[in-house]
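This report concerns one protein structure and its ligand. Please look over the sequence and the structure first.

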Amino acid sequence: MKPDVIRPGQTIGILGGGQLGRMMAVAARHMGYKIAVMDPVEACPCAPVADEHIIAAYDDVEAAERLSQISDVITYEFENVDLKVARLFEEAGRLPQGAYALEITQNREKEKAIAVEAGLSVPDYRIVTTFNQCEKALEEIPFPVVMKTISGGYDGKGQLKIEGEDQLDEVRSFMKEGGTYIVEEWIYFNQEISQVFTRSQDGRITSFPLAENIHKNHILHETRVPAEVPGGVVHKAREAVEALAEKIGVVGTFAVEMFVRGEDIYINEMAPRPHNSGHYTIEACSVSQFEQHIRAICGLPLLPVYTFGAAVMVNVLGKHKGILIDRIEKYEGCHIHDYGKHESRTNRKMGHLTFIGNNLEEIDERIQQNQIHLW
Ligand SMILES: Nc1ncnc2c1ncn2[C@@H]1O[C@H](COP(=O)(O)OP(=O)(O)O)[C@@H](O)[C@H]1O
Ligand SMILES: [Mg+2]
């Protein structure tokens, strides 16, 4: 199907005004689009770069209708927006990304099932709603396992690693009445990687380089490109995401997180939007994950992706921001991004740094000199 083309001067509505919405908006503004954002927080990161801000909860149907009226096309910047609202936009012909990708990625069970349907490996898992079912799952999957809420989790929130039977009391108090959980085999991975790509409305895909992700306290700390993985993994990862993209009918930028063990990959999570591990593309690639996303939803042809030799992105959390601002003139050889969040919390993502170089060794040296490795 030929997509409707959204032209500069028209308005892009963004559901969610966090840093992803802000970076999408900045990319779109370069191209001459107007921005309307819907977010409940008056001082959200996207507000200062938007033309209109509808301050409303994501499930406020009336507000959503207002957004739809003032927007020529709508996108979402995170997967926990309201599905009902997304479906309204889709029915109104305003949501090229569709609501299906949201429905899948909002729910870990659906996410795993679709990966299996696409012929891909996932950690062994069971879905449980009662403590008894959970005990049975723990008999079937050897320790350690990780138990996660079926939806709504991020940055390791809503997760419990279970090492042995002595934690059963902890499991009992972790489970809430009426909740649904996934119990997953723990993968002793060698690396965590993510493949970020963009798919146009007519089904063309461009991929960014495979990235390696280092987490600290379950929060992404560093993304490194190129991912230093065994030979076949780059190709396998790309084939895996292409299979998923077709199955889901992805439109826009999309990310798939995977574990690497030996030469095998296991699908962990998916995000139907630009991803923290793709921020490096702003400076390291000829087109960023945000600009490519805007092009996809506006029905423009995707650009080819060319990349510098190497890049490292480091997240700036609340606990780092003070040092960064105080010593800003001393940070050499890195690009600085501040999301303009008013309220800082220890582990809140406040910004990021991007280092570009010919190779990772050179960048690692710069990271050492800047003492970022102590973060
Ligand atoms: N089955 C697993 N085996 C090993 N590590 C895991 C597993 N599931 C999650 N983790 C670790 O926890 C991190 C966060 O889990 P994830 O499922 O990505 O949730 P979220 O990013 O939504 O918090 C992963 O990046 C990984 O480091
Ligand atoms: Mg994750």
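The text below covers a sheet, a helix that lies across it, and the surroundings of the ligand.

The model is predicted, so local features need pLDDT of at least 70 and side-chain atom pairs count only at pLDDT 80 or more, while totals for chains, interfaces and linings use all residues. Residues are numbered from 1 along each chain as its sequence is written, ligands are numbered from 1 in the order in which they are written, and side-chain values use heavy atoms, without hydrogens and water.

Four strands make an open, parallel sheet in the order β3-β2-β1-β4. Strands are DSSP runs of E with at least two residues, and helices are runs of H or I with at least four; two strands pair if DSSP finds at least two bridges between them. Because β3 (52–54) and β4 (73–76) each have a single partner strand, one side of each lacks a neighbour in the sheet. Strand β1 (residues 11–15) is joined to β4 by four bridges, and leucine 15 has tyrosine 76 as its bridge partner in β4.

Ligand 1 is surrounded by 20 residues (a heavy atom within 4 Å). The closest are Lys148, Gly156, Ile187, Glu192 and Glu269. Strands β6 (145–149), β8 (181–185), β13 (252–261) and β14 (264–271) each supply at least two residues of this shell. The table gives polar contacts, which are pairs of N or O atoms within 3.5 Å.

| Residue, N or O atom | Ligand 1 atom | Distance |
|---|---|---|
| Glutamate 185, backbone | nitrogen | 2.9 Å |
| Isoleucine 187, backbone | nitrogen | 2.9 Å |
| Glutamate 269, side chain | oxygen | 2.9 Å |

Key. Contact = heavy atoms within 4.5 Å. Axes fitted to C-alpha atoms, helices over the stretch in contact; angles between N-to-C directions. Polar contact = N/O pair within 3.5 Å; in protein donor to acceptor, adjacent residues only side chain to side chain.
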